[in-house]
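Reader: I would like a close look at one part of this structure. Please keep it brisk, and work outward from there.

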Amino acid sequence: MTQVKTPVEQRAQPARLERDPGSPDHWTLNFGPQHPATHTTFHLVLTLDGERIVHIDTNIGYLHSGFEKLAEHRSYDQYVTVTDRMNYISPIANNIAWHSAVEKLLGLEITPRCKYLRTIVAEMARIQDHLLCIGEAGLDVGAMTVFVLAFNDREYVNDLLEMLCGARFTTSWTRTGGAISDIPEGWVDCARNFCEALPKTLADCHKLLTRNRIFIERTKNVSVLKRDEAINWGWTGPMARASGVVRDLRKDEPYLAYADLDFKIPIAQGGDSYCRYLVRMEEMEQSRRIISQAMENIPSGPLNVNLEQKCALPPKAEVYGGIEGLMHHFEQVMPNRGYRTPIAEVYCAQETANGELGYYLVADGTNKPFRAKTRGPSFVHMQSVNRLLRGHTISEIVTTMPALNIIAAELDR
């Protein structure tokens with residue numbers, strides 16, 4: 001008896017076509033750079049055999065921000081404003097990763113209170129990023145309600161960030177040895193309300209997508225990358241974990257307050273767009289657990305390291321009310337002044353929403369980096385687009401790109 005395969009099963013092994021630029025059956029189609037399905041600005045040049053993709057050339061040169069070169073002309077604290085413009089979906093996570101690298105260069109231990117507060121806002125950034133990713137995944141298959149639900153809770157996170165540092169988007173919250181501001185009165189209660197409201201939003205998203213036949217057929221067995229290939233391509237974060245790679249820096253190389261907190265790392269084995277969706281959904285629940293635990297155990301004490309270490313900015317009251325505070329502030333912020341670093345090289349990475357975000361710093365003893373290399377997860381994941389989509393049809397680009405969650409500002413250097 002012949003088993004009848006469903007459309008999803010038939011697509012499990014897409015045809016791997018060979019590229020022949022001179023073939024009369026192949027034609028070229030430009031996808032982007034401004035296309036609704038890319039959700040950002042990059043350009044795919046598709047070589048097609050009918051509707052089926054033979055080859056993809058990627059062009060990422062549309063947002064030349066030059067952020068690595070800018071690091072050579074900004075002090076370590078000034079550069080935090082540039083990190084906001086990298087992954088602009090969860091910018092405060094970039095701030096934390098940057099200053100963690102600077103503190104590692106200086107051999108600086110931040111205060112227990114700062115560790116917990118950075119952990120809380122880093123997990124809020126993860127939720128913020130995943131909500132947009134899931135919302136876009138639903139929107140691209142016609143489920144606009146999911147997009148609206150996700151944005152409602154994203155606004156809640158933006159409100160909390162605005163209470164924390166006065167900015168909703170370009171936060172620039174961290175500073176070497178601490179942060180620009182402590183949590184205000186009432187902030188913890190608002191954060192608790194967010195943690196209580198999030199499970200309902202996640203449950204609604206599950207109801208709308210997880211068993212939705214259209215969503216499953218558009219994402220299951222699409223753009224499959226198995227464990228060994230994911231490792232070889234350098235994948236990290238939810239992309240790698242959806243392919244069965246058991247790797248998370250928060251567990252494997254604990255930093256901030258993660259060693260004190262109880263949480264699980266979601267893993268899937270399918271390696272397709274559907275598994276990437278499931279992993280991100282569960283990661284949001286685990287992030288909520290982390291935030292809830294951390295908020296109940298925020299240590300008292302100072303947020304910033306003491307001023308004797310000559311790297312933290314003095315409190316505003318001391319700047320406005322005393323000559324020593326004013327002089328210290330002047331020394332830190334004026335051009336060609338500020339603290340000096342050792343002559344050394346360091347690499348520091350953190351587990352952000354899209355994967356491993358790392359900074360490799362080469363310091364020459366001045367107040368700014370000699371070289372600052374950014375290891376952005378989107379740049380690494382973008383290289384595998386041709387491998388993922390070759391043999392699929394054009395319509396499957398629309399569901400693959402949200403699952404990859406490529407942020408174009410991390411691509412071009």
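In strand E8, which residue is the bridge partner of Leu 361? Please start there and follow the strands, then the rings, then the spaces in between.

Author: The partner is Ala 372. One caution before going further: this is a predicted model.

Start with the strands. Leu 361 belongs to the pairing between E7 and E8, where five bridges join the two. E8 covers residues 371-375, and the two strands run antiparallel. Six residues separate E7 from E8, and together these strands form a hairpin. Gly 365 sits in that turn. Its phi is positive, at about 90°.

E7 has a second partner. Ten bridges join E6 to E7, again in antiparallel fashion. Within this pairing, Ala 344 is matched with Ala 363 of E7. A hairpin makes the connection here too, through two residues. E7 is also mostly covered, with eight of its ten residues buried. A general point helps when reading any strand: in a regular strand, side chains alternate between the two faces of the sheet.

Now the rings. The structure holds eleven aromatic pairs. In one of them, the ring centres of Trp 98 and Tyr 359 are 5.3 Å apart and the planes meet at 85°, so this pair is edge-to-face. Tyr 359 brings us back to E7, which spans residues 355-364, while Trp 98 lies in helix H4 (residues 91-106), so the pair ties together parts that are 261 residues apart in sequence. How accessible are the two residues? Trp 98 has 0% relative accessibility, so Trp 98 counts as buried. Tyr 359 is also at 0% and counts as buried.

Another edge-to-face pair joins Tyr 258 and Phe 263. Their ring centres are 5.9 Å apart and their planes stand at 65°, so edge-to-face is again the label. Both Tyr 258 and Phe 263 are buried. Phe 263 has a further contact: Lys 251 lies over the face of its ring, 4.4 Å from the ring centre. Elsewhere, Arg 154 places its charged end over the ring of Phe 151, at 5.5 Å from the centre.

Trp 98 and Tyr 359 also belong to a cluster. Ring pairs link these two with Tyr 76, Tyr 79 and Tyr 339.

Next, the pocket. The largest one has a volume of about 410 Å³. Eighteen residues line this pocket, and the closest to its centre are Ser 100, Lys 104, Tyr 255, Cys 348 and Gln 350. E6, the hairpin partner of E7, supplies the largest share of the lining, four residues. H4, helix H5 (112-139) and E6 (343-352) each give at least two lining residues. H4 thus appears twice in this account, because Trp 98 of the edge-to-face pair lies there as well.

Then the cavities. There are two of 30 Å³ or more. The largest has a volume of about 90 Å³. Its lining includes Cys 133, Ile 134, Phe 215, Tyr 277, Arg 280 and Pro 402. H5 supplies at least two residues of this lining, as do helix H8 (213-219), helix H12 (273-295) and helix H17 (397-404).

H8 and H17 lead to two residues with an unusual sign of phi. Asn 221 lies in the loop between H8 and helix H9 (227-232). Its phi is near 60°, a positive value in a residue other than glycine. Asn 221 is partly exposed, at 22% relative accessible area. Asn 405 lies in the segment after H17. Its phi is near 55°, also positive in a residue other than glycine. Asn 405 has 5% relative accessibility and counts as buried.

One more set of strands rounds off the tour. E1, E2 and E3 form an open sheet in that order, with antiparallel pairing. E1 (26-31) and E3 (52-59) stand at the edges with a single partner strand each, so one side of each has no neighbour in the sheet. From one strand to the next, the twist averages 25°. Six bridges join E1 to E2 (residues 43-49). Thr 28 stands opposite Thr 47 of E2.

Back to your starting point. Leu 361 is bridged to Ala 372, on a strand that also pairs with E6 and carries Tyr 359.

Key. Residues are numbered from 1 along each chain as its sequence is written. This is a predicted model: local features need pLDDT of at least 70, side-chain atom pairs count only at pLDDT 80 or more; totals for chains, interfaces and linings use all residues. Side-chain values use heavy atoms; hydrogens and water are left out. Rings of Phe, Tyr and Trp (its six-membered ring) pair if their centres lie within 6.5 Å; planes under 30 degrees apart count as stacked, over 60 as edge-to-face and the rest as tilted. Buried means under 20% relative accessible area, exposed over 50%, partly exposed in between (1.4 Å probe, protein chains only). A charge sits over a ring if NZ of Lys or CZ of Arg is within 6 Å of the ring centre and within 35 degrees of the ring normal. Two strands pair if DSSP finds at least two bridges between them. Axes are lines fitted to C-alpha atoms, for helices over the stretch in contact, and angles run from 0 to 180 degrees between N-to-C directions. On a 1 Å grid over the protein atoms alone, a cavity is a set of points where a 1.4 Å probe fits but cannot get out, and a pocket is an open set with protein on both sides within 12 Å along at least five of seven lines; lining residues have an atom within 4 Å of a point. Grid points are joined across faces, edges and corners, and a volume is the space filled by probe spheres set on the points.
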